[in-house]
Amino acid sequence: MNLNELKHELLKTAKSSYNLGLVAGTSGNVSVYDKETDSMIITASSVPYDTMTLEDLVVLKLDGTILEGYNQPSSEWRMHAQIYIERKDIKCVLHTHSPYATGFAVCQERIPVILIEMVPFIGGDVPVAKFGMPGTDSVGIEALKVLDDRKACLLSNHGTLAIGETIDKALTTSIYLEDAAKIYHIAKNAGNVKILSEKEINAMKNS
Ligand SMILES: [Zn+2]
């Protein structure tokens with residue numbers, strides 16, 4: 001995909017995350033990394049999702065140099081850049097404030113493996129990254145410490161982070177993360193939660 005095609009995909013994903021209720025107002029942000037130009041395209045700061053256009057997106061180098069765009073990039077661009085610098089396998093970073101998952105982020109509580117979908121789409125349980133000052137690269141640094149082989153984590157007292165080899169995969173992971181958080185919340189209130197065992201998880205990973 002060239003830069004223009006990536007912009008279309010990114011805009012579509014930003015709007016989907018809004019329409020699915022994973023972000024509210026102008027919260028959250030999403031980016032895609034373009035290997036060809038060693039740059040990323042990211043949503044802009046304070047632009048509403050429903051009226052967002054291709055021209056609102058910002059193209060920038062991983063050091064923050066703006067290559068294209070009239071807006072300021074998302075204030076969390078450093079978190080995105082940090083992940084692309086450290087993880088060459090990752091092409092998309094999606095940050096949301098999806099309500100159920102963010103509830104657990106506020107409690108700084110890990111979401112255990114309670115559903116089989118969490119294994120293929122998240123890579124296991126959902127760890128919690130230590131609080132990083134918003135807008136600084138510490139948000140990305142703390143997230144990388146817990147991500148390891150996971151495709152998602154919670155950002156303490158802030159929100160969620162999903163990473164993917166493609167834009168579609170990062171969105172799917174965010175959707176399954178919120179789904180798992182919602183079901184875990186309901187299950188905790190309904191009775192005794194049974195967490196899938198290491199043996200069952202490994203059996204699924206190898207099947
Ligand atoms: Zn945020």
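The largest pocket of this predicted model is lined by Met1, Leu6, Glu9, Val32, Tyr33, Asp34, Lys35, Lys91, Glu165, Thr166, Ile167 and Asp168. About 200 Å³ of space lies inside this pocket. Three elements, α1, β1 and α6, each give at least two residues to the lining, and β1 makes the largest share with 3 residues. If you would like to colour the elements as you read, β1 runs over residues 29-34 and α6 over 167-190, while α1 covers residues 3-19.

Let's stay with helix α1 for a moment. The helix has 17 residues, and from its first C-alpha to its last it reaches 24 Å, close to the 24 Å expected at 1.5 Å a residue. At the N-terminal end, Asn2 acts as a cap: one of its side-chain oxygens lies 3.1 Å from the backbone nitrogen of Asn4. After the helix comes Gly21, with a positive phi near 80°. Along α1, the buried residues are Leu6, Lys7, Glu9, Leu10, Leu11, Thr13, Ala14 and Ser17. Two of these names, Leu6 and Glu9, also appear in the pocket lining. What lies over the buried residues of α1? The cover includes the strands β1, β2 (39-42), β3 (58-61) and β4 (66-68), together with helix α6.

Strand β1 offers a good example of that packing in Val30. With a relative accessibility of 1%, Val30 falls under the 20% cut-off and therefore counts as buried. Leaving out residues up to four places away in sequence, Val30 touches Leu10, Thr13 and Ala14, and its contacts also include Ile41, Ile42, Thr43, His80, Cys92, Val93 and Leu94. Leu10, Thr13 and Ala14 are among the buried residues of α1. For a sense of distance, Val30 and Gln72 are separated by 42 residues in sequence and by 14 Å in space, C-alpha to C-alpha.

Next comes the metal site. Which residues coordinate the zinc ion? His95, His97 and His158 do so, each through NE2, at 2.0 to 2.1 Å. Along the chain these donors follow the spacing H-x1-H-x60-H. The site links distant parts of the chain: His95 sits in strand β5 (residues 92-96), whereas His158 belongs to the loop between β7 (152-155) and β8 (159-164), 63 residues apart. Is His95 buried or exposed? Its relative accessibility is 1%, so His95 counts as buried. His158 also counts as buried, because its relative accessibility is 15%.

His158 leads on to another feature, since this residue helps to line the largest cavity, alongside Ala129, Lys130, Phe131, Gly132, Val139, Leu155 and Ser156. The structure holds 1 cavity of 30 Å³ or more, and about 50 Å³ of space lies in the largest one.

The loop between β7 and β8 also holds Asn157. Most residues other than glycine have a negative phi. Asn157, however, has a positive phi near 50°. With a relative accessible area of 41%, Asn157 is partly exposed. Gln108 likewise has a positive phi near 50°, and its place is in the loop between α3 (99-106) and α4 (118-122). At 47% relative accessibility, Gln108 counts as partly exposed.

A last stop is helix α2 and what follows it. Gln82 lies in α2 and is buried, with a relative accessible area of 15%. Beyond its neighbours within four places in sequence, Gln82 is in contact with Asp137, Gly140, Ile141 and Leu144. Arg87 is found in the loop between α2 (77-86) and β5. How accessible is a residue such as Arg87, and what does its side chain reach? At 16% relative accessibility, Arg87 counts as buried. Its side chain makes a polar contact with the side chain of Asp89 at 2.9 Å, and it reaches the backbone oxygen of Asp148 at 3.2 Å. Setting aside neighbours within four places, Arg87 is in contact with Leu144, Leu147, Asp148 and Ile163. Leu144 is thus a contact of Gln82 and of Arg87.

How values were computed. Residues are numbered from 1 along each chain as its sequence is written. This is a predicted model: local features need pLDDT of at least 70, side-chain atom pairs count only at pLDDT 80 or more; totals for chains, interfaces and linings use all residues. Side-chain values use heavy atoms; hydrogens and water are left out. Donors are N, O and S atoms within 2.8 Å of the metal (3.2 Å for Na, K and Ca); water is not among the atoms, so sites may look incomplete. Helices (H or I, at least four residues) and strands (E, at least two) are DSSP runs, numbered from the N terminus. Buried means under 20% relative accessible area, exposed over 50%, partly exposed in between (1.4 Å probe, protein chains only). The expected span of a helix is 1.5 Å times one less than its number of residues. Contact means heavy atoms within 4.5 Å. A polar contact is a pair of N or O atoms within 3.5 Å; within protein, one must be able to donate a hydrogen and the other to accept it, and residues adjacent in sequence count only if both atoms are side-chain atoms. On a 1 Å grid over the protein atoms alone, a cavity is a set of points where a 1.4 Å probe fits but cannot get out, and a pocket is an open set with protein on both sides within 12 Å along at least five of seven lines; lining residues have an atom within 4 Å of a point. Grid points are joined across faces, edges and corners, and a volume is the space filled by probe spheres set on the points.
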